[in-house]
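Grab a pencil and work through a few short exercises. Each one comes with a solution that goes step by step.

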Amino acid sequence: MAAISRETEAIVLDCFEHGESDVILTLLSRDAGRLSVIAKGAKRSKKRFVNKLELFSFLHITYQISPNRNLSFLSEAELHTSFLNIRQNFCLYTTASILREFLLITIREGEADEQLFRLSLWALHNIDRHLQPLAILALFLINFYGIIGYRPDFTGCNMCNKQTTVNRRYSFDTTTGGLICPDCSRQGQRLVRLSHGTIKMLQSAQIQPLERLHRLKISGNLLQESLSLLHDYGRQLFQREIISWRLLQKQQSANHDKPKYR
Ligand SMILES: [Zn+2]
């Protein structure tokens, strides 16, 4: 059976050298979800792939699917953007790495998701533009959880249904993905305390269209609480540490002027 040729847009999430001259890539593709391809001779080629197969690069690719093989062959790659600022700035790189780690944990072969693809591109573009990278990370994650089917619920207390008010301090229960009011919270629950402002901001972030999402300004306490919630929720959902988040925390601790995140 002959190989089938396909084209799609894709973001490079992982790349490593294979043998003396090949490179294997893991991609988030627009039309096929997670895609693993091998770029034969990429390490030696002076023209075909040079500077294109780097982490986070946004490409238009042509690849060949061979029957009975897990890996497809990358035949052409055209660079849309390399997100150069992300690759050259350590803080931006760490932030984008968290996003990359969440994607690698969740995306599956053959499961294309236009919404997730657009959200990921949106986040990389805005991180690359130095537009409040941590706020962009928070806005990415709150929508990411929704897309993968774990949308956090901020409508009221999980247990008694009481609506949130300015004066009552609700918490987020990472095991149920919903809010708990002060009356219903019990010891031993994995709770993240949230201010009313944070709850309202996160609710708003869940309903904004992508074109307007970057207009939401998150800073100070709202950003700290949001990131704590989104980090803890991810660890609980996936039952694992998000390694790049540790790196972010180290950077934050090294810089005493900026807030630290759990
Ligand atoms: Zn309650």
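A residue counts as buried under 20% relative accessible area, as exposed over 50%, and as partly exposed in between. Keep in mind that this is a predicted model.

**Exercise 1. Work out whether Glu114 is buried, partly exposed or exposed, and find where Glu114 sits.**

Step 1: Glu114 has a relative accessibility of 38%. Buried means under 20% and exposed means over 50%, so Glu114 counts as partly exposed.

Step 2: Look up the element. Glu114 belongs to helix α3, which covers residues 114-128.

Step 3: Now check a distance across the fold. Gly33 is 81 residues away from Glu114 in sequence, yet their C-alpha atoms are 9.0 Å apart in space.

**Exercise 2. Trace the barrel and say which helices lie on it.**

Step 1: Follow the strands. Five of them make a closed barrel in the order β1-β2-β3-β5-β4, and the pairing is mixed. From one strand to the next, the twist averages 50 degrees.

Step 2: Take the pairs in turn.
- β1 (residues 4-18) and β4 (residues 58-65) are antiparallel and share eight bridges; Ile4 has Ile65 of β4 as its bridge partner.
- β2 and β3 are antiparallel too, joined by seven bridges, and they form a hairpin with three residues between them. Leu28 stands opposite Arg34 in β3.
- β3 and β5 run parallel, with two bridges; here Val37 faces Ser72 in β5.

Step 3: Add the helices. α2 packs on this sheet and touches β1, β2 (22-29) and β3 (33-39), with its direction at about 115 degrees to that of β1. α3 lies across β1, β2, β4 and β5 (72-81), at about 50 degrees to β1.

Step 4: Check how covered β3 is. Six of its seven residues are buried, which makes β3 mostly covered.

**Exercise 3. Decide whether Thr106 is buried or exposed, and list what Thr106 touches.**

Step 1: Place the residue. Thr106 is in helix α2, residues 90-106.

Step 2: Apply the cut-off. The relative accessibility of Thr106 is 17%; the limit for buried is under 20%, so Thr106 counts as buried.

Step 3: Find its contacts. Leaving aside residues up to four places away in sequence, Thr106 touches Phe144, Ile148 and Phe238.

**Exercise 4. Which residues hold the zinc ion, and what geometry does the site have?**

Step 1: Identify the protein donors. They are the SG atoms of Cys157, Cys160, Cys181 and Cys184, lying 2.3 Å from the zinc ion.

Step 2: Read the spacing. Along the chain, the donors follow C-x2-C-x20-C-x2-C.

Step 3: See what gets linked. Cys160 is in the loop between β6 (153-157) and β7 (171-173), while Cys184 is in the loop between β8 (178-180) and β9 (191-193), so this pair ties together parts 24 residues apart in sequence.

Step 4: Test the angles. Four donors count as tetrahedral if all angles lie between 85 and 135 degrees. The angles among the four donor atoms here are 104 to 113 degrees, and the site is tetrahedral. For reference, the ideal angle for four tetrahedral donors is 109.5 degrees.

Step 5: Look at the accessibility of two donors. Cys160 is partly exposed, with a relative accessible area of 31%, whereas Cys184, at 11%, counts as buried.

**Exercise 5. Describe the open sheet and the helices packed on it.**

Step 1: Order the strands. Four strands form the open sheet as β6-β8-β7-β9, with mixed pairing. β6 and β9 stand at the edges with a single partner strand each, so one side of each has no neighbour in the sheet.

Step 2: Zoom in on one pair. β6 and β8 run parallel and are joined by two bridges, and Asp153 stands opposite Gly178 in β8.

Step 3: Place the helices. Helix α5 (residues 196-207) packs on the sheet, touching β6 and β8, and its direction makes about 135 degrees with that of β6. Helix α7 (residues 220-238) also packs there, touching β6, β7 and β9, at about 170 degrees to the direction of β9.

Step 4: Check α5 itself. This helix has twelve residues and reaches 17 Å from its first C-alpha to its last, close to the expected 16 Å. Its buried residues, including Ile199, Met201 and Leu202, pack against α4 (133-147), β6, β8, α6 (210-213) and α7.

Key. Residues are numbered from 1 along each chain as its sequence is written. This is a predicted model: local features need pLDDT of at least 70, side-chain atom pairs count only at pLDDT 80 or more; totals for chains, interfaces and linings use all residues. Side-chain values use heavy atoms; hydrogens and water are left out. Buried means under 20% relative accessible area, exposed over 50%, partly exposed in between (1.4 Å probe, protein chains only). Contact means heavy atoms within 4.5 Å. Donors are N, O and S atoms within 2.8 Å of the metal (3.2 Å for Na, K and Ca); water is not among the atoms, so sites may look incomplete. Four donors count as tetrahedral if all angles lie between 85 and 135 degrees; four count as square planar and six as octahedral if opposite donors are over 155 degrees apart and all others between 65 and 115; anything else is irregular. Two strands pair if DSSP finds at least two bridges between them. Axes are lines fitted to C-alpha atoms, for helices over the stretch in contact, and angles run from 0 to 180 degrees between N-to-C directions. The expected span of a helix is 1.5 Å times one less than its number of residues.
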